[in-house]
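Colleague: Could you take me through one spot in this model in some detail? I would like to hear what surrounds it and how it fits into the rest of the fold.

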Amino acid sequence: MKNIKEIRRSHFLRLLEGFATQQQFAQVVGLAQSQISLLVAGHRQIGDRVARRIETSLGLPNGYLDHAEQMGAMDPEILLKQVLSSDQ
């Protein structure tokens, strides 16, 4: 069974796939691109604060990144379209 760090990382990487670049994802969630790069490379882990920030910025339910059963529940391309359309 995956631990919470692995679950969050899996969700994060899946969500990131829906964005053209790490920079675009970083801008949407309000983090530095360098921080996103460290998360992608596995040099940093996604803590509670960053997890909640990603969820809030993407309109996901609180705790979404923490639950293994959520994998695949949100198509990254649909999510990106929703986030970009809400910015206009």
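**A close look at Asp66**

Modeller: Gladly, and let's start with burial: Asp66 has a relative accessibility of 16%, so it counts as buried, the cut-off being under 20%. Please keep in mind that this is a predicted model.

Asp66 sits in the loop that links α4 (48-58) to α5 (76-86). Its side chain has two arginine partners to look at. One polar contact goes to the side chain of Arg8, at 2.6 Å, and another goes to the side chain of Arg52, at 2.8 Å. Leaving aside residues up to four places away in sequence, Asp66 touches Ile4, Ile7, Arg8, Arg52 and Glu55.

Arg8 leads us on to another loop residue. Ile46 lies between α3 and α4, and among the residues it touches is Arg8, the others being Arg9, Phe12, Leu39 and Ala51, again without residues up to four places away in sequence. Ile46 is buried because its relative accessible area is 9%, under the 20% cut-off. If you measure from Ile46 to Ile7, a residue that Asp66 also touches, the C-alpha atoms are 9.9 Å apart, with the two positions 39 residues apart in sequence terms.

Phe12, one of the contacts of Ile46, brings us to the largest nonpolar core, which has 19 residues. Phe12, Leu15, Phe25, Val29, Ile36, Ile54 and Leu58 are the members with the most contacts inside that core. At least two core residues come from each of α1 (4-16), α2 (22-29), α3 (33-41) and α4. Nonpolar side chains tend to be buried together in soluble globular proteins. Ile36 is a nice place to see the packing: not counting residues up to four places away in sequence, it touches Phe12, Leu16, Gln22, Phe25, Ala26, Val29 and Leu31.

Now zoom out to the whole chain. The protein has 5 helices and 0 strands, so from the N terminus on the elements simply run α-α-α-α-α, each helix being a DSSP run. Of its 88 residues, 35% count as buried. Among contacts with a separation of 6 or more, 58% are between residues 24 or more positions apart. The exposed surface comes to about 5,400 Å², and carbon and sulfur atoms supply 49% of that area.

To return to your spot: Asp66 is a buried loop residue whose side chain makes polar contacts with those of Arg8 and Arg52.

Definitions and conventions
Residues are numbered from 1 along each chain as its sequence is written. This is a predicted model: local features need pLDDT of at least 70, side-chain atom pairs count only at pLDDT 80 or more; totals for chains, interfaces and linings use all residues. Side-chain values use heavy atoms; hydrogens and water are left out. Helices (H or I, at least four residues) and strands (E, at least two) are DSSP runs, numbered from the N terminus. Buried means under 20% relative accessible area, exposed over 50%, partly exposed in between (1.4 Å probe, protein chains only). A polar contact is a pair of N or O atoms within 3.5 Å; within protein, one must be able to donate a hydrogen and the other to accept it, and residues adjacent in sequence count only if both atoms are side-chain atoms. Contact means heavy atoms within 4.5 Å. A nonpolar core is a set of buried Ala, Val, Leu, Ile, Met, Phe, Trp, Tyr and Cys residues joined through side-chain atoms within 4.5 Å. Accessible areas come from the Shrake-Rupley method with a 1.4 Å probe; for residues, only the protein chains shown count as cover.
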